[in-house]
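Here are a few short exercises to work through with the structure open in your viewer. Try each task yourself before reading the solution.

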Amino acid sequence: MLLSYSAASPSRTISGTGHQLPLPPSPKGWPIIGNALDMPLEKMAQGYAKWGRDLNSDIVSASAMGKVVIVLNSIDKALDLLDKRSTKYSSRLGFDYFFVMLPYGDRWKERRRMFVQHFRPADTSIVYPQVREFVQRFLGAGYLPGKMEAFTISLAYGFSIKPRGDPHLEFAEATVKMLAEILTPGANFIDALPILKHLPAWLPGASSNRKAKELSYMSEKCRSAPFDEAVSKFFRRNNDEAAAYQKQVIKDTAAMFYMAGTDTIVGSILNWVWAMLKNPEVQARVHAELDEVLKGRMPDFEDQEKLPYLMASLMESTRWVGFTPSTLPGVPHMNTEDDVYDDYLIPKGSIVIANLWAMLRNEEDYANGETYDPSRFLTPDGKIDPGVRDPFTVAFGFGRRACPGAHIGRSMFCLVAASLATLFKWTEPLGEDGKPIDQPMDYETGMVYQPKPFRCGFKVRSPEAQALFANMEG
Ligand code: HEM
């Protein structure tokens with residue numbers, strides 16, 4: 001990619017004052033189109049981290065045709081802006097389909113409030129039983145870590161999903177896939193710059209306009225079909241306007257579950273399985289800990305504290321891969337007022353990206369960040385070290401738009417991982433010559449940084465595990 005850097009960034013006028021201030025440092029860019037062609041479309045998070053290194057700044061910017069993208073490469077910068085100044089930084093680009101993308105305002109507040117009221121983190125009585133049931137049924141049927149949509153649909157609508165041939169499941173899978181495609185970084189930037197929508201379809205991201213229409217159709221169907229089936233349980237026939245509006249809010253909020261909660265959990269589990277495959281000594285320690293603590297039974301939520309090494313391995317895979325939506329600018333924030341920070345202007349309407357990947361690789365918190373090493377989270381006597389920053393406090397985002405399903409995602413991740421490791425061991429696939437096949441890890445660059453399919457031997461690891469597996473519902 002042709003890219004040059006400038007020390008001095010373009011400046012802008014603060015609305016209503018006449019004062020000029022520079023934008024945060026940025027690549028030099030091109031006349032008229034600014035940095036549009038400099039935006040890294042592949043490996044975005046790494047590309048933005050490199051801008052930060054080259055420009056020697058944790059806050060960098062790019063602009064094109066009046067639109068400004070701000071990238072925050074450090075936790076402190078993200079906390080300063082997205083958390084401490086959240087009144088200004090809590091909007092989104094404004095897609096209309098799901099509340100994750102709604103601009104700041106009453107429609108977003110109603111949906112978020114409903115979500116949070118129903119799934120209070122302190123109240124585990126709704127989430128834990130659903131997670132347990134899902135793990136039992138879908139692991140028993142051999143459908144884990146896939147089919148996570150079944151869990152999020154059950155959670156949202158309160159009815160069970162069949163592991164095989166369920167129409168809700170099939171449609172949800174297709175919609176989640178399309179949502180991930182449309183939220184690729186390129187598509188987002190194109191959306192921010194309407195003129196670029198007229199680019200030929202062969203340019204990266206240019207086909208997003210057509211996809212947006214398809215997504216609009218699918219998202220409506222996705223919201224309606226399971227909702228209509230579930231709604232009769234909650235509402236008597238009532239056609240007044242208030243009830244209709246309330247139904248719409250519930251419908252949108254429920255649909256958000258499997259849009260936002262599916263690929264994220266699957267991604268976290270797959271990344272962890274990959275880490276186990278590539279680090280057999282860590283896998284062996286996880287197995288040894290489970291054997292010592294569980295003594296031949298399946299794990300449950302209460303076991304988490306007794307399994308610090310397993311927990312550290314989950315924290316480390318979350319840090320190591322940094323897979324989450326804001327790692328890639330799938331769900332950037334947007335500021336609703338001009339702001340001045342570090343003597344830079346952040347103009348109203350900027351797309352503000354928290355580069356979680358860069359944050360979770362920072363060497364101050366995590367020395368030798370390239371290395372997968374769960375021990376970094378442990379004290380010398382093997383407990384979780386409260387002095388090391390927990391990557392989950394970063395992975396779910398910042399401020400008012402931080403993930404409201406964090407406790408659900410984390411619970412599911414922990415129980416699925418513990419259950420899988422109780423039953424299985426993972427081995428490298430062998431080629432015809434009997435040697436392990438060389439598989440470099442590659443990632444989908446959609447909304448969620450998820451591994452592309454990889455080959456991995458899944459073997460039941462002992463006669464005790466075989467007996468447990470045979471007892472699971474399928
Ligand atoms: C390991 C699993 C998960 C991860 C890593 C994750 C991560 C994130 C991140 C980084 C954001 C954006 C935060 C920001 O803008 O600063 C987000 C937003 C969101 N997540 Fe999650 N998430 C996970 C699971 C879930 C689950 C299970 C649900 C629902 C059941 C969920 C629902 C949402 C919603 C509704 C939003 C949008 C919030 C808003 O815009 O107000 N997430 N998530």
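**Exercise 1. Count the helices and strands in the protein, then find what share of its residues is buried.**

Solution. Start with the secondary structure: this predicted model has 16 helices and 12 strands. Next, go through the residues for burial. Of the 474 residues, 44% count as buried. Last, look at the contacts with a separation of 6 or more: residues 24 or more positions apart make up 72% of them.

**Exercise 2. Compare the reach of helix α4 with its expected span, and list its buried residues.**

Solution. First, find α4 at residues 127-140, which gives 14 residues. Then take the distance from the first C-alpha to the last, which comes to 20 Å. At 1.5 Å a residue you'd expect 20 Å, so the helix is close to that value. Finally, pick out the buried positions in α4: Val131, Phe134, Val135, Arg137, Phe138 and Leu139.

**Exercise 3. Locate Cys403 and decide: buried or exposed?**

Solution. Begin with the address: Cys403 sits in the loop between α14 (392-395) and α15 (406-423). Now count neighbours. There are 22 other C-beta atoms within 10 Å of Cys403, and the cut-off for buried is 20 or more, so Cys403 is buried. Leaving out residues up to four places away in sequence, Cys403 touches Phe396, Gly397 and Gly409. As for annotation, the unreviewed UniProt entry puts a "binding site" feature at Cys403.

**Exercise 4. Do the same for Ala402, and find how far Ala402 is from Asp83 in space.**

Solution. Ala402 also lies in the loop between α14 and α15. Here the count is 16 other C-beta atoms within 10 Å; that falls between the limits of 12 and 20, so Ala402 is partly exposed. Outside its neighbours within four places in sequence, Ala402 is in contact with Phe396 and Gly397. For the last step, go from C-alpha to C-alpha: Ala402 and Asp83 are 9.2 Å apart, although 319 residues separate them in sequence.

**Exercise 5. Describe the shell around the ligand: which residues come nearest, and which helices contribute?**

Solution. The shell holds 28 residues, and those that come nearest are Gly261, Gly397, Cys403, Gly405 and Gly409. Then check the helices: α9 (241-260), α10 (263-278) and α15 each supply at least two shell residues. To finish, sort the shell by character, which gives 16 nonpolar, 10 polar and 2 charged residues.

Notes. Residues numbered from 1 in each chain as written. Predicted model: local features only at pLDDT ≥ 70, side-chain atom pairs only at ≥ 80, totals over all residues. UniProt positions renumbered as here; feature names shortened; annotations may be inferred. Helix = DSSP H or I, 4+ residues; strand = E, 2+ residues; numbered from the N terminus. Contact = placed C-beta atoms within 7 Å. Near = placed C-beta within 6 Å. Nonpolar A, V, L, I, M, F, W, Y, C, P; charged D, E, K, R; others polar.
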